[in-house]
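Student: Hi, have you got a few minutes to go through a structure with me? I'd like to ask questions as we go.

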Amino acid sequence: MATFYDTHAHLDYPDYAPDLNEVIARAQTAGIAKMISIGTSLESSRRAIQLAEKFRNVYAAIGWHPTEAASAPDDLRPALRELAKHPRVVAIGETGLDYHRLPGSPETDAGYKKRQAEIFQQQMEVAVEFGLNCIIHQRDAFDDTLAQLKPLAGKVRGVFHCFGENIERMKKVLEIGSLVSFTGIVTFKNGQNVRDTVAATPLDKFMLETDCPYLAPVPYRGKRCEPAYVKEISETVAQVKMCPLEELSAATCRTAEEFFGRLK
Ligand SMILES: [Zn+2]
């Protein structure tokens, strides 16, 4: 059976409180050998680390989500540094910029964007210090996100997770040494634009993820998503890439192990 990794899962969310053991077991049965639980706040990051200590095939990413920027401490760095020392922490994130829902007036919008940029910068700084890469969340903020990451290219790389942008933007991400990752959206009927981007992305420049509990692939669309469904995502991506599952497995796992150095 072809093996895959779920490089972006929110296993600390309450959605999994009732049956996380079964969720992890189903992932293993489906060939999803490793999973990364992603932090969205310090509390969530601590929970991700706890899960990584509990389950040998779960790893942690620690970070603060841009939509939660308003509640972030002024300086995130000291607490992040403490957590980053943990051997099961494989990346900083998710971090980045999200302009999808702005407060709504020119002054408040500017302040909100500034705060997001500050905590994004702090997280990239810690990533550089620890030799870790970043998991990037961006929504309606592609140019600003890329512009903020670019000066650090060479010191830190990002994976633009849940990538839904066009081919031209994918190329801009790769140009600065960063990567993209694709979710269950590739299986959606209305996901042709993402499939076009998948088709154009070199086999060694992307990873797979669920972003669970969100974005369950077809035939589970609308239900709670879980890491086992990387199987369905991988099948669609293999079709789009016109390559055998084994080849996709080898490429995406190698890319993930190289990007998340501590994943081995
Ligand atoms: Zn996420």
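Student: What spacing do the donors of the zinc ion follow along the chain?
Tutor: The spacing is H-x1-H-x83-E-x116-D. Before we go on, this is a predicted model, where local features need pLDDT of at least 70, side-chain atom pairs count only at pLDDT 80 or more, and totals for chains, interfaces and linings use all residues. Residues are numbered from 1 along each chain as its sequence is written, and side-chain values use heavy atoms, with hydrogens and water left out.

Student: OK, and which atoms coordinate the zinc ion?
Tutor: NE2 of H8, NE2 of H10, an OE of E94 and an OD of D211, at 2.1 to 2.6 Å. Donors here are N, O and S atoms within 2.8 Å of the metal (3.2 Å for Na, K and Ca), and water is not among the atoms, so sites may look incomplete.

Student: Why is the arrangement around the zinc ion irregular?
Tutor: Because the four donor atoms subtend angles of 87 to 176°. Four donors count as tetrahedral if all angles lie between 85 and 135 degrees; four count as square planar and six as octahedral if opposite donors are over 155 degrees apart and all others between 65 and 115; anything else is irregular.

Student: Where do E94 and D211 sit in the chain?
Tutor: E94 is in strand β4 (residues 89-98) and D211 is in the loop between β8 (206-208) and α8 (230-241), so this pair, 117 residues apart, links distant parts of the chain. Helices (H or I, at least four residues) and strands (E, at least two) are DSSP runs, numbered from the N terminus.

Student: Are E94 and D211 buried or exposed?
Tutor: Both are buried, where buried means under 20% relative accessible area, exposed over 50%, and partly exposed in between (1.4 Å probe, protein chains only). E94 is also joined to G93 by a cis peptide bond, with omega about 20°.

Student: Which other peptide bond is cis?
Tutor: The one from V218 to P219, with omega near 10°. P219 lies in the loop between β8 and α8. In general, most peptide bonds are trans.

Student: Let's stay with that loop. What does the side chain of T210 contact?
Tutor: It makes a polar contact with the side chain of D6 at 2.6 Å. The T210 side chain also reaches the backbone oxygen of H8 at 3.4 Å. A polar contact is a pair of N or O atoms within 3.5 Å; within protein, one must be able to donate a hydrogen and the other to accept it, and residues adjacent in sequence count only if both atoms are side-chain atoms. T210 is buried, with a relative accessible area of 0%.

Student: And what does the side chain of T187 reach?
Tutor: The backbone nitrogen of V218, at 2.9 Å. T187 counts as buried at 13% relative accessibility, and its C-alpha atom is separated by 6.7 Å from that of I233, 46 residues apart along the chain.

Student: New topic: how are the rings of F163 and F182 arranged?
Tutor: Their centres are 6.4 Å apart and their planes at 80°, so the pair is edge-to-face. Rings of Phe, Tyr and Trp (its six-membered ring) pair if their centres lie within 6.5 Å; planes under 30 degrees apart count as stacked, over 60 as edge-to-face and the rest as tilted. Both F163 and F182 are buried, and ring pairs link them with F206 into a cluster.
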